[in-house]
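Colleague: Got a minute to walk me through this one? I'd like to start with one residue and work outwards.

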Amino acid sequence: MQRKEFLDKLSGGLAFTCVSCMMAACSKDSNTSGDNSNTPGDTILLNIDPSTQLLAVKDFISSKGIIVVRIADGNLAGSFVAYLNACTHEGAIVEYDANTNGFICPRHGATYSISGAVTGAPAPAPLKTRTVAVSGSTLTVK
Ligand code: FES
């Protein structure tokens, strides 16, 4: 193989690789949604010990595609709210904002109330609610 032929093949391969990388980076599936690998349903998505975690109102945990916020004292199911943490616009991970007691999406600025309702565009739908149950020292989110 001649040097020029080698370089032509190499540059063609790099261009293909770069185009593939750019397309993957721009695809809808590539986002900051991180570990949103949970499948909602009857499967337990998250276990939390409320005797050592989420101790104060407005404490929150965002993990495994779920965001859980303590909204009241006591360790009852109603003391917490839980949602899939994927923004309903394009799936970025929403963050809890203690100042507004709601959620904000860092990607395009959508906002949600603590009940998951959309309070600011461009989110098209509320956050997806998950079920919270408390049994002894275990809080489960399904
Ligand atoms: S992905 Fe959340 S506002 Fe666009």
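Colleague: Leaving aside neighbours within four places in sequence, which residues is Arg70 in contact with?

Modeller: Keep in mind that this is a predicted model. Arg70 lies in strand E3. Skipping the neighbours within four places in sequence, its contacts are Pro50, Leu54, Leu55, Ala56, Val57, Lys58, Asp59, Asn75, Ser79 and Phe80.

Colleague: Okay, and which residue stands opposite Arg70 in E4?

Modeller: Strand E3 covers residues 66–70 and runs antiparallel to E4, with five bridges joining the two. Across from Arg70, in E4, stands Phe80.

Colleague: Arg70 is charged, so why does it have no salt bridge?

Modeller: Arg70 counts as positive, so we look for a negative partner, Asp or Glu. A salt bridge needs the nitrogen and the carboxyl oxygen to be within 4 Å. Arg70 is buried, and Asp73, the nearest side chain of opposite charge, misses that cut-off because its distance is 5.3 Å.

Colleague: Then which side chain does Arg70 join in a polar contact of 2.7 Å?

Modeller: Arg70 has no salt bridge. Its side chain does make a polar contact of 2.7 Å, though, and the partner is Asn75.

Colleague: Back to E4: how many of its residues are buried?

Modeller: Look at the two faces of the strand. On one side Phe80, Ala82 and Leu84 are buried, and on the other so are Val81 and Tyr83. For E4, residues 80–84, that makes the buried count five of five.

Colleague: And what share of the whole protein counts as buried?

Modeller: The protein has one helix and 10 strands, with the helix coming before the strands. Out of its 142 residues, the buried share is 29%.

Technical notes: Residues numbered from 1 in each chain as written. Predicted model: local features only at pLDDT ≥ 70, side-chain atom pairs only at ≥ 80, totals over all residues. Heavy atoms only, no water. Buried < 20%, exposed > 50% of the residue type's maximum accessible area, 1.4 Å probe, protein only. Helix = DSSP H or I, 4+ residues; strand = E, 2+ residues; numbered from the N terminus. Pairing = 2+ DSSP bridges. Polar contact = N/O pair within 3.5 Å; in protein donor to acceptor, adjacent residues only side chain to side chain. Contact = heavy atoms within 4.5 Å.
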